[in-house]
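Subject: Structure handover and findings

Hello,

Here is the structure I promised to pass on. Please load it before reading further.

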Amino acid sequence: MVERLSWKKLAWELAFFYLPWFIIGWLFGGLPWLLLGATVAMLLWHLHQQIKLSDWLWKDKSLMPPSGTGSWEPLFNGIYRLQKRNRRRRKELANLIRRFRNGAESLPDAVVVFERDGAIVWCNKLAQELLGLRMPDDNGQHISNLIRAPEFVSYIADANYDVPLEMRSHLNSARTLEFRTMPYAEGEYLMVVRDITQLKQLEGMRRNFFANVSHELRTPMTVLRGYLEMTEDPEMVVGPMWPKAHGVMTEQLSRMESLVEQLLTLSKIEAAAKPELDHLVDVPAMLDVLQKEAQALSGDSEHVLTFEVDTSLKVKGNDDQLRSAISNLVYNAVKHTPPKAGITVRWYRSSKGPRLEVQDSGEGIAPQHLDRLTERFYRVDKARSRETGGSGLGLAIVKHALSHHDAELDIQSELGVGSTFSFTLSERLAC
């Protein structure tokens, strides 16, 4: 092992180098000239060692230092050890950066690192997708030059990051983004961007849900309260108004009972885990019962009901949820189809799997309503829905029940012609 260079070692080396020349010059004369020659020789030797060091550092690609003697050997080895230590530290730093980037890439949020002056240092792939950034092309670009929304530009200019920023995406106005910024390193900030579109939609749905439930229950409760107040007069109970009042109260109670039952059904389906689809569901027998119920529901409307059912086609699934989905489609067709119009229910095996179609010849639905029909309490014609006892929950129940069976509700409609509500189950569920 080579020892480090010290002034004592250097002094002893100089002493041993000059001692023979000093003795020779003292014994034979010419001491000054001998010492001068020895000094020149030493300077040439040091020059040679310096050239070797320079060639090694700038030209030689070898990691091993050149062989050295005397005081130059610890210098060569010291530089070599320093290089090894630096290479090890660079490797550790590279591993640390790689781990940080891998961790940032696995985050469910977009991450952007930028300097105090707004220059972008780095961002993950999700930031490139969500914010439209490009790396490494945008490295060093000012972030507000790439995200030009006025509220974001003010957010960066004010540099007040205590409160998160919520704004519409500059790339897609249908998206809502939340920006949270915090100090990261000296002179740098870490920005975390989250897509909160679904969260905002859920908050809106929750507010609308409670508002709609309150509204739907308030009307029958107001009617009931009014008639109950009338019963405080004994003459009203036995008078000619009582049969009408009794009928209206009964109707409103039935309406509230139906609404509560549908709310409970929807909540039960939404809260339930995805069921094991291994129970045999006799859909033909179910449709046979629904045909009789639909005929009774039609009553004086005298709809022309046609059921085309493959009596051998049964499926695996959840009996209650499929019954809720199919019955809601059939009942909706009866409620929203004009009197004496035709309604056709088909249950057959398609090329993709068991398929149910409920086709009516009603007024049809305008295209702008189709995408929202499965929302809770959404109704195309609210006045008409109240007349028919509709709550706006039936298709929401259908949607969630079918989602548990890996199926989707398909709605085809044309104004003045009618509508077709259908779904197709996976072939693996067919029996």
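Below is what was found in it, from the whole chain down to single side chains.

**Overall**

This is a predicted model. The protein chain holds 14 helices and 12 strands. Of its 431 residues, 35% are buried. The accessible surface is about 26,700 Å², and carbon and sulfur atoms account for 56% of that. Take the contacts between residues at least 6 apart in sequence: 58% of them join residues at least 24 apart.

**The five-stranded sheet**

Start with the open sheet of 5 strands. Its order is 2-1-5-4-3, and the pairing is antiparallel. Which strands stand at the edges? They are strand 2 (120-123) and strand 3 (165-168). Each has a single partner strand, so one side of each lacks a neighbour in the sheet. On average, neighbouring strands here are turned by 25° against each other, direction ignored.

Strand 1 (residues 110-115) meets strand 2 through 3 bridges, and the two run antiparallel. In that pairing, Val113 sits opposite Trp122 of strand 2. Helix 6 (residues 150-158) packs on this sheet. Helix 6 touches strand 1, strand 3, strand 4 (176-185) and strand 5 (188-195). The direction of helix 6 makes about 155° with that of strand 3.

Strand 3 also supplies one end of a salt bridge. The side chains of Glu166 and Lys200 meet at 3.0 Å, N to O. Glu166 belongs to strand 3 and Lys200 to helix 7 (residues 197-230), so the pair links distant parts of the chain, 34 residues apart. Glu166 is partly exposed, at 41% relative accessibility. Lys200 is partly exposed too, at 32%.

**The salt-bridge network**

The whole structure contains 12 salt bridges. One group deserves a look in the viewer. Which residues do shared salt-bridge partners join into one network? They are Glu308, Arg346, Arg355 and Glu357.

Take Arg346 with Glu308. Their side chains form a salt bridge at 3.2 Å, N to O. Arg346 is in strand 9 (residues 342-349), and Glu308 is in strand 7 (residues 304-309). These two residues are 38 apart and link distant parts of the chain.

Arg346 also forms a salt bridge with Glu357. Here the closest N and O atoms are 3.6 Å apart. Glu357 lies in strand 10, 11 residues away from Arg346.

Are these side chains buried or exposed? Arg346 counts as partly exposed, at 22% relative accessibility. Glu308 is partly exposed as well, with 40%. Glu357 has a relative accessible area of 13% and is buried, because the cut-off for buried is under 20%.

**Strands 10, 11 and 12**

Strand 10 (residues 354-360) pairs with strand 12 in the antiparallel sense, over 5 bridges. Arg355, a member of the network above, has Thr424 in strand 12 as its bridge partner.

Strand 11 (residues 410-414) is joined to strand 12 by 5 bridges, again antiparallel. Glu414 is the bridge partner of Gly418 in strand 12. Strand 11 and strand 12 form a hairpin, with 3 residues between them. In the turn, Gly416 has a positive phi of about 85°.

How much of strand 12 is buried? In strand 12 (residues 418-424), 6 of the 7 residues are buried, so the strand is largely enclosed by the rest of the structure.

**Two helices to check**

Helix 14 (residues 394-403) is largely enclosed by the rest of the structure, because 7 of its 10 residues are buried. They are Gly394, Leu395, Ala396, Ile397, Val398, Ala401 and Leu402.

Helix 1 (residues 7-28) includes Ile23. Ile23 is part of a nonpolar patch on the surface. The patch is formed by Leu19, Phe22, Ile23, Ile24, Trp26, Leu27 and Phe28. Together they have about 800 Å² of accessible area. Ile23 itself is partly exposed, with a relative accessible area of 39%.

Best wishes

Definitions and conventions:
Residues are numbered from 1 along each chain as its sequence is written. This is a predicted model: local features need pLDDT of at least 70, side-chain atom pairs count only at pLDDT 80 or more; totals for chains, interfaces and linings use all residues. Side-chain values use heavy atoms; hydrogens and water are left out. Two strands pair if DSSP finds at least two bridges between them. Helices (H or I, at least four residues) and strands (E, at least two) are DSSP runs, numbered from the N terminus. Axes are lines fitted to C-alpha atoms, for helices over the stretch in contact, and angles run from 0 to 180 degrees between N-to-C directions. Contact means heavy atoms within 4.5 Å. Patches are made of residues with over 30% relative accessible area and no salt bridge: like charges are joined within 9 Å, nonpolar side chains (Val, Leu, Ile, Met, Phe, Trp, Tyr) within 5 Å. Accessible areas come from the Shrake-Rupley method with a 1.4 Å probe; for residues, only the protein chains shown count as cover. A salt bridge is a side-chain nitrogen of Lys or Arg within 4 Å of a carboxyl oxygen of Asp or Glu. Buried means under 20% relative accessible area, exposed over 50%, partly exposed in between (1.4 Å probe, protein chains only).
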